[in-house]
Amino acid sequence: MERPFDGEMQNKPILVLKPNLYNALIPKIVNYFILYLMIMGFSVGPGVYYLFFRGTDSFDIAFIIIILIIFLIPILIIPTIFSYLNIRKMEYHFFNDRLEYYEGFLTIHKSATPYERITDIVMRKTVWDRIFSTATIGLYTPHGVSVYIRFVQDSDKIYEYLQNKILKS
């Protein structure tokens with residue numbers, strides 16, 4: 001699909017990257033689950049401790065399970081769904097002269113950065129990135145961070161490609 005403003009520019013990207021959903025979602029799910037366990041430990045934990053020493057009743061156990069399930073939805077499931085929908089819409093389009101970035105599920109964000117405006121490229125690999133062979137590549141302009149390229153495979157090759165593009169600019 002050709003966009004109307006692309007006629008003046010070079011409208012065919014050299015490379016289009018999309019984040020790997022599994023690489024992006026698994027760390028988020030783990031973080032949400034840890035948050036869920038912490039909240040449940042502080043809120044439901046004392047009740048479970050009390051029931052353990054007081055004796056158990058089937059109503060009490062059912063009540064605690066219902067509370068755990070009720071808190072599971074807003075703390076774990078809803079943020080995961082929103083993260084999935086947002087990451088699914090991320091795209092990085094590399095052209096001869098610029099990088100275009102698209103993101104957003106509720107709020108759409110589009111950014112176009114000419115290569116000659118990029119002053120610095122930084123690659124960061126967290127523990128999760130090393131496990132899933134990804135990285136975060138930050139592209140800096142004189143006005144601050146322009147784009148973060150996240151959750152893509154072959155991040156080392158992309159980093160080298162961008163360095164070569166910027167050195168030529």
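Here are some questions and answers about the structure above.

This is a predicted model, where local features need pLDDT of at least 70, side-chain atom pairs count only at pLDDT 80 or more, and totals for chains, interfaces and linings use all residues. Residues are numbered from 1 along each chain as its sequence is written, and side-chain values use heavy atoms, with hydrogens and water left out.

Q: Which helix gives the most residues to the largest nonpolar core?
A: A nonpolar core is a set of buried Ala, Val, Leu, Ile, Met, Phe, Trp, Tyr and Cys residues joined through side-chain atoms within 4.5 Å, and the largest one here has 22 residues. Helices (H or I, at least four residues) and strands (E, at least two) are DSSP runs, numbered from the N terminus. At least two core residues come from each of α1 (21-43), β2 (91-94), β3 (98-103), β6 (136-141), β7 (144-149) and α5 (155-168). The top giver, with four residues, is α5.

Q: Which residues have the most contacts inside this core?
A: In soluble globular proteins, nonpolar side chains tend to be buried together. In this core, the residues with the most contacts are Tyr92, Phe94, Leu139, Ile149 and Leu162.

Q: Which residues of β7 and just after it does Tyr92 touch, among them Val152?
A: Contact means heavy atoms within 4.5 Å, and neighbours within four places in sequence are left aside here. Tyr92 meets Leu15, Val16, Leu17 and Pro19, and also Leu99, Glu100 and Tyr101. The rest of its list is Val147, Tyr148, Ile149, Arg150 and Val152.

Q: How far apart are the end C-alpha atoms of α5?
A: The expected span of a helix is 1.5 Å times one less than its number of residues. With 14 residues, α5 should span 20 Å. The model agrees, because the end C-alpha atoms of α5 are apart by 20 Å.

Q: Within what arc do the buried residues of α5 fall?
A: Buried means under 20% relative accessible area, exposed over 50%, and partly exposed in between (1.4 Å probe, protein chains only). In α5, the buried residues are Ser155, Ile158, Tyr159, Leu162, Lys165 and Ile166. They line one face of the helix, because seen down its axis (using directions from the axis to the C-beta atoms) they fall within an arc of 130°.

Q: Which residues are exposed on the other side of α5?
A: The buried residues of α5 have cover that includes β1 (15-17), β2, β5 (120-124), β6 and β7. On the other side, the exposed ones are Lys157, Leu167 and Lys168.

Q: Which strands stand at the edges of the open sheet?
A: Two strands pair if DSSP finds at least two bridges between them. Four strands form this open sheet, in the order β1-β2-β3-β4, with antiparallel pairing. Two of them have a single partner strand each, so one side of each is left without a neighbour in the sheet: β1 and β4 (109-114).

Q: Which residue of β4 is the bridge partner of Glu103?
A: β3 and β4 pair in the antiparallel sense over six bridges. Along this pairing, Tyr102 stands opposite Lys110, and Tyr101 stands opposite Ser111. For Glu103, the bridge partner is His109.

Q: Which residue of β3 is the bridge partner of Glu91?
A: β2 and β3 form a hairpin with three residues between them. They pair in the antiparallel sense over four bridges. The partner of Glu91 is Tyr102.

Q: How many of the six residues of β3 are buried?
A: Arg98, Glu100 and Tyr102 point one way from β3, while Leu99, Tyr101 and Glu103 point the other way. The strand is largely enclosed by the rest of the structure, because the buried count is six of the six.

Q: Is Thr136 buried or exposed?
A: Thr136 lies in strand β6. Not counting residues up to four places away in sequence, Thr136 touches Val122, Met123, Arg124, Asp129, Tyr148, Ile149 and Arg150. With a relative accessible area of 11%, Thr136 is buried.

Q: What is the relative accessible area of Tyr140?
A: Tyr140 has its place in strand β6. Tyr140 is partly exposed, because its relative accessible area is 27%.
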